[in-house]
Amino acid sequence: MMLGDSSMTSILQRIARQALVTFRNPPRLGEEAGRSFLENQSKLKSLMTEVRAADLKLVPRRADDSSPGAPPPHPHHRGAPPVTYMHICETDHFSMGVFLLKSGASIPLHDHPGMHGMLKVMYGKVRISCFDRLERPSGGAQAAPALPALPPAQTGSLRRSVLRSTGEFTEESGPCVLSPDWDNLHQIDAVDGPTAFMDILAPPYDPDDGRDCHYFRVLTEAEVKNTEQKDKEVWLVEISQPPDFWCGGEPYPGPEVCL
């Protein structure tokens with residue numbers, strides 16, 4: 001019986017089609033989301049809540065598993081990449097794929113300039129810390145920490161920001177959502193073993209169109225340790241891609257998506 005394959009194709013196909021509708025004309029940075037967008041986004045969240053690893057033909061990996069089909073290590077790095085990516089589909093409006101993190105791996109704190117996103121864990125557990133940049137004082141947030149002492153060359157890389165939330169997500173959790181104005185920066189850590197999550201970004205990263213990925217480091221690390229505190233203001237400094245992080249690619253084993 002091929003009912004399983006039919007069902008798998010259906011849920012991914014529905015997600016991709018709904019993403020195309022949702023993100024055809026999404027609200028930009030600073031714009032209020034309209035009713036139509038919010039309704040379509042809610043439909044996409046419902047579909048993403050349903051999807052499971054089996055729908056993508058993903059087999060949960062153990063801590064000692066290697067990545068089948070993954071390319072050899074980058075010549076400047078030792079060993080296999082800590083994170084790999086499976087490409088599912090991409091249009092001008094959105095990209096969809098799966099990130100796979102080895103045990104103990106992290107995707108460093110990074111931004112999504114002018115982009116919307118939706119993340120759904122397929123197996124394992126992740127801890128996601130969400131931040132936003134502050135262009136002006138926020139009445140709801142606590143007072144910003146003192147400006148750190150940095151070399152003059154780095155002062156221009158400082159970003160006054162706020163920690164919105166820190167939470168753990170599993171396959172039973174709903175999707176984690178980001179927008180140009182909310183939870184736009186995040187760090188993703190694998191917890192208690194390997195993990196994988198399906199990821200939609202809209203529109204896709206494109207450095208030529210002002211959507212390059214920037215990495216950051218929290219200067220006031222102690223401020224972030226207490227996960228009970230939310231809307232805690234911190235200082236971030238923009239950094240180069242951390243040397244211990246790089247992302248490889250591997251084949252996507254699931255059903256094809258046609259748009």
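A residue counts as buried when its relative accessible area is under 20%, as exposed when that area is over 50%, and as partly exposed in between. The exercises below apply these words to a predicted model.

**Exercise 1. Decide whether Asp183 and Asp192 are buried or exposed, and state what is notable about the phi angle of each.**

Step 1. Begin with the places of the two residues: Asp183 is found in the loop between β6 (176-178) and β7, whereas Asp192 belongs to strand β7.

Step 2. Compare each relative accessible area with the cut-offs. Asp183 has a value of 10%, and because this is under 20%, Asp183 is buried. Asp192 has a value of 73%, which is over 50%, so Asp192 counts as exposed.

Step 3. Turn to the backbone. Phi of Asp183 is near 55°, a positive value in a residue other than glycine, and Asp192, which is not a glycine either, has a positive phi of about 60°.

**Exercise 2. Describe the overall make-up of the protein chain, from its secondary structure to its contacts and surface.**

Step 1. The protein chain holds three helices and ten strands, and from the N terminus on their order is α-α-β-β-β-β-α-β-β-β-β-β-β.

Step 2. Of the 259 residues in the protein chain, 47% are buried.

Step 3. For the contacts, take those between residues at least 6 apart in sequence: 83% of them join residues at least 24 apart.

Step 4. The accessible surface of the protein chain is about 13,300 Å², and carbon and sulfur atoms account for 50% of that surface.

**Exercise 3. Work out how the buried residues of α2 are arranged around the helix axis, and which exposed residues lie on the face turned away from them.**

Step 1. Helix α2 has 16 residues, and the distance from its first C-alpha to its last is 23 Å, close to the 22 Å expected at 1.5 Å a residue.

Step 2. The buried residues in α2 are Phe37, Asn40, Gln41, Leu44, Leu47 and Met48. Seen down the axis of α2, these buried residues fall within an arc of 120°, so they line one face of the helix.

Step 3. A general rule helps in reading such a pattern: an α-helix has 3.6 residues a turn, so residues three or four places apart point the same way.

Step 4. On the face of α2 turned away from the buried side, the exposed residues are Arg35 and Lys43.

**Exercise 4. Find how many aromatic pairs the structure contains, and classify the pair formed by Phe23 and Phe37.**

Step 1. Four aromatic pairs are found in a search of the whole structure.

Step 2. For Phe23 and Phe37, the ring centres are 6.3 Å apart and the planes stand at 55°, so this pair is tilted.

Step 3. Phe23 lies in the loop between α1 (3-22) and α2 (35-50), while Phe37 lies in helix α2, so the pair ties together parts that are 14 residues apart in sequence. Both Phe23 and Phe37 are buried.

Step 4. Elsewhere, ring pairs link Tyr85, Phe99 and Phe197 into a cluster. In another kind of ring arrangement, Arg164 lies over the face of Trp182, at 3.8 Å from the ring centre.

**Exercise 5. For Cys89, Lys102 and Asp212, identify a residue far along the chain whose C-alpha atom lies at a stated distance.**

Step 1. Cys89 lies in strand β1 (residues 83-90) and is buried, with a relative accessible area of 8%. The C-alpha atoms of Cys89 and Leu259 are separated by 8.8 Å, although the two residues are 170 residues apart along the chain. Leaving aside neighbours within four places in sequence, Cys89 is in contact with Phe94, Ser95, Met96, Val257 and Leu259.

Step 2. Lys102, in the loop between β2 (95-101) and β3 (106-110), is partly exposed at 27% relative accessibility. Its C-alpha atom is separated by 6.7 Å from that of Thr195, 93 residues apart along the chain.

Step 3. Asp212 is found in the loop between β7 and β8 and is partly exposed, with a relative accessible area of 37%. Asp212 and His112 are 100 residues apart in sequence and 7.7 Å apart from C-alpha to C-alpha.

Conventions. Residues numbered from 1 in each chain as written. Predicted model: local features only at pLDDT ≥ 70, side-chain atom pairs only at ≥ 80, totals over all residues. Heavy atoms only, no water. Helix = DSSP H or I, 4+ residues; strand = E, 2+ residues; numbered from the N terminus. Buried < 20%, exposed > 50% of the residue type's maximum accessible area, 1.4 Å probe, protein only. Contact = heavy atoms within 4.5 Å. Areas by Shrake-Rupley, 256 points an atom, 1.4 Å probe, with all protein chains shown as cover. Phe/Tyr/Trp six-rings, centres within 6.5 Å; stacked < 30°, edge-to-face > 60°. Lys NZ or Arg CZ within 6 Å of the ring centre and 35° of its normal. Expected span 1.5 Å × (residues − 1). Arc of directions from axis to C-beta.
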